Amino acid sequence: MSDLSIDLTTLSISRVLVIVAHPDDIESWCGGTVARFTELGKSVAYVICTSGDKGSSDPSLTSQQIATMREAEQLEAARILGVSSVTFLRYPDSEVESTLTLRRELVWHIRYHRPDLVITHDPVPPYRLHPDHRAVGRATLDALFPCARDALTFPEQIRDDGLQPHITPEAWLFATEVPDLWIDINRTLPRKIQARLAHHSQYSDPQALERSWHKRAAETGLPAGLTAAEAFKQVDLR
Ligand SMILES: [Zn+2]
């Protein structure tokens, strides 16, 4: 293990919440890490802001049909990684903005799940970034700090829904240009790829996809001296 990677067994993390824009984002960027957490017996929950309803080039399908198909694929991918709690917020694909409405909804889910760690998109990369990824990463960080912490922010959640303010100690951002944390996924890479392959609507050649994910894991691991890794930017929220 290099100095740049951490041993997940030494972390005092019991609950992980992963907040993403689309079905398949988790399997693409942090599925190997999710599998490491679930095999250690940690609780992992997903909040997925859209149902990926624009994600098909088949002109015969309606957005509703695509959403239904992609939610089913996401549930199967979650099952493969040992995750049973999956919530779809059903914002329209490619139209997500970092609004107060989204932030309020994310604060609700953070207060409900009370995670020790949130994993989400890095909203900062300026070029070639899906606008939904930017919006969800931004809204999630704003929800985490300071909104979920402060009792006077969205107090109706405390008054009416029985939730409590919550401090999440840290966030890990994926698809980042400034990684400072590498997770060894050598053991869980096959499950990550199996989960990614559950998104049948999102590829045509499974062998090519498998090769590309092996290559990406190896390239990501290089700076940390790992044979297969996922990389994150750590954000201290305490
Ligand atoms: Zn996405």
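Two residues are in contact here if their C-beta atoms, placed from the backbone, lie within 7 Å. The model is predicted: local features need pLDDT of at least 70, side-chain atom pairs count only at pLDDT 80 or more, and totals for chains, interfaces and linings use all residues. Residues are numbered from 1 along each chain as its sequence is written. Helices (H or I, at least four residues) and strands (E, at least two) are DSSP runs, numbered from the N terminus.

**Stop 1: helix α7**

Select residues 189–197, which form helix α7. A residue is termed buried if 20 or more other C-beta atoms lie within 10 Å of its own, exposed if 12 or fewer, and partly exposed in between, with C-beta atoms placed from the backbone. By this criterion L189, R191, K192, I193, A195 and R196 of α7 are buried. Show α1 (25–29), α2, α3 (63–80) and α8 as well, since the buried residues of α7 pack against these helices.

Next, centre the view on R191, a residue of helix α7. Is R191 buried or exposed? R191 is buried, because 21 other C-beta atoms lie within 10 Å. Leaving out residues up to four places away in sequence, R191 touches A35, I80 and L81. Add A77: its C-alpha atom is separated from that of R191 by 9.5 Å, although the two residues are 114 apart along the chain.

**Stop 2: α7 against α8**

Two packed helices are described by the angle between their axes and the distance between the axes. Axes are lines fitted to C-alpha atoms, for helices over the stretch in contact, and angles run from 0 to 180 degrees between N-to-C directions.

Add helix α8, residues 206–221; its axis and that of α7 come within 10 Å and cross at roughly 140°. The two helices are therefore oblique to each other (angles under 35 degrees count as roughly parallel, over 145 as roughly antiparallel, 65 to 115 as roughly perpendicular and the rest as oblique). Their crossing is right-handed, a term for the near helix being turned clockwise from the far one by less than a right angle, anticlockwise being left-handed. To display the contact, select L189, I193, R196 and L197 in α7 together with P206, L209, E210, W213 and A217 in α8. By class, this contact has seven nonpolar, no polar and two charged residues; Ala, Val, Leu, Ile, Met, Phe, Trp, Tyr, Cys and Pro count as nonpolar, Asp, Glu, Lys and Arg as charged, and the others, Gly among them, as polar.

**Stop 3: helix α2**

Turn to α2, residues 31–39, whose axis comes within 8 Å of that of α7 at a crossing angle of roughly 120°. This crossing, too, is right-handed. G31, G32 and A35 of α2 make the contact with L189, R191, K192, A195 and R196 of α7. Its classes are three nonpolar, two polar and three charged residues.

Helix α2 is largely enclosed by the rest of the structure, because seven of its nine residues are buried. These are G31, G32, T33, V34, A35, R36 and F37. The elements they pack against include β1 (15–20), β2 (43–50), β6 (181–184) and β7 (229–236). Just after α2, G41 has a positive phi of about 85°.

**Stop 4: the nonpolar core**

A nonpolar core is a set of buried Ala, Val, Leu, Ile, Met, Phe, Trp, Tyr and Cys residues joined through C-beta atoms within 7 Å. The largest one has 58 residues, and V18 and V34 have the most contacts inside it. Helix α5, residues 131–147, contributes the most, with seven residues. Select V18 and its contacts: beyond its neighbours within four places in sequence, these are I26, C30, V34, V44, Y46 and I119.

**Stop 5: α4 against α5**

Select helix α4, residues 100–113, which packs with α5 at an angle of about 60°, the axes being 9 Å apart. The arrangement of α4 and α5 is thus oblique. L102, R103, L106, V107 and I110 in α4 meet A139, T140, D142, A143, L144 and C147 in α5. Eight of the contact residues are nonpolar, one is polar and two are charged.

**Stop 6: backbone details**

Most residues other than glycine have a negative phi, and most peptide bonds are trans. A cis peptide bond joins F145 and P146, with omega about 5°; P146 is in helix α5. In the loop between β3 (85–91) and α4, select S94, a non-glycine residue with a positive phi of about 65°. Finish at R128, in the loop between β4 (117–121) and α5, where phi is positive and near 45°. R128 is exposed, because 5 other C-beta atoms lie within 10 Å.
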